[in-house]
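Please look over the model below. The notes that follow take up one residue, then a sheet, then aromatic rings.

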Amino acid sequence: MEPIEIFKALSNESRLEILRWLKEPEKHFTPHEGIDMRKVGVCVGQVTETLKMTQSTTSQYLSILQRAGLVTAERIGKYTYFKRNEEVIRQIGAFFNNEI
């Protein structure tokens, strides 16, 4: 876990919002048929639609979150699904409790 990279990723309101949405995806996204959003994640197109930004901007935001370790990606067919990396999110919470 690299705290500075995580802080940089969280410094954008839209990226922070994406993480909030992914915490409870069923409240914010319509699932793809046969996809459990809690287990598999949410595809870029679903995030793009909810974010109301271009797909390239959404992809860039998700890439930044992924590089920081806050989300993981899984490719299924032609779609890439993203979900929160709860372990890293727990680690950053512990970092705040223990270090700051």
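## Thr48 and its surroundings

Thr48 sits in helix α4, which spans residues 44–51. The model is predicted. Is Thr48 buried or exposed? Its relative accessibility is 13%. The cut-off for buried is under 20%, so Thr48 counts as buried.

Which residues does Thr48 touch, once neighbours within four places in sequence are set aside? The contacts are Met53, Thr54, Gln55 and Thr58.

## The sheet

Three strands make an open sheet. Their order is β1-β3-β2, and the pairing is antiparallel. Strands β1 (42–43) and β2 (71–76) form the edges. Each of these two pairs on one side only.

Helix α2, residues 13–23, packs on this sheet. The helix touches β1, β2 and β3. Its direction makes about 85 degrees with that of β3.

Strand β3 covers residues 79–84. Six bridges join β3 to β2, in the antiparallel sense. One residue pair shows the register: Val71 has Arg84 in β3 as its bridge partner.

## Aromatic pairs

How many aromatic pairs does the model hold? The count is five, with ring centres required to lie within 6.5 Å.

One of them joins Phe7 and Phe95. The centres are 6.2 Å apart, and the planes meet at 50 degrees. That angle is neither under 30 nor over 60 degrees, so the pair counts as tilted. Phe7 belongs to helix α1 (residues 3–10), and Phe95 to helix α6 (residues 86–99). The pair therefore ties together parts that lie 88 residues apart in sequence. Phe7 has 29% relative accessibility. This value falls between the cut-offs of 20% and 50%, so Phe7 counts as partly exposed.

Another pair is Trp21 with Phe29. The centre-to-centre distance is 6.2 Å. The planes are 85 degrees apart, which is over 60, so this pair is edge-to-face. Are its two residues buried or exposed? Trp21, at 10% relative accessibility, counts as buried. Phe29, at 6%, also counts as buried.

## A ring cluster

Which residues do ring pairs link into a cluster with Phe7? They are Phe95 and Phe96. Within this cluster, the Phe7 and Phe95 rings form the tilted pair described above.

Notes. Residues numbered from 1 in each chain as written. Predicted model: local features only at pLDDT ≥ 70, side-chain atom pairs only at ≥ 80, totals over all residues. Heavy atoms only, no water. Phe/Tyr/Trp six-rings, centres within 6.5 Å; stacked < 30°, edge-to-face > 60°. Helix = DSSP H or I, 4+ residues; strand = E, 2+ residues; numbered from the N terminus. Buried < 20%, exposed > 50% of the residue type's maximum accessible area, 1.4 Å probe, protein only. Contact = heavy atoms within 4.5 Å. Pairing = 2+ DSSP bridges. Axes fitted to C-alpha atoms, helices over the stretch in contact; angles between N-to-C directions.
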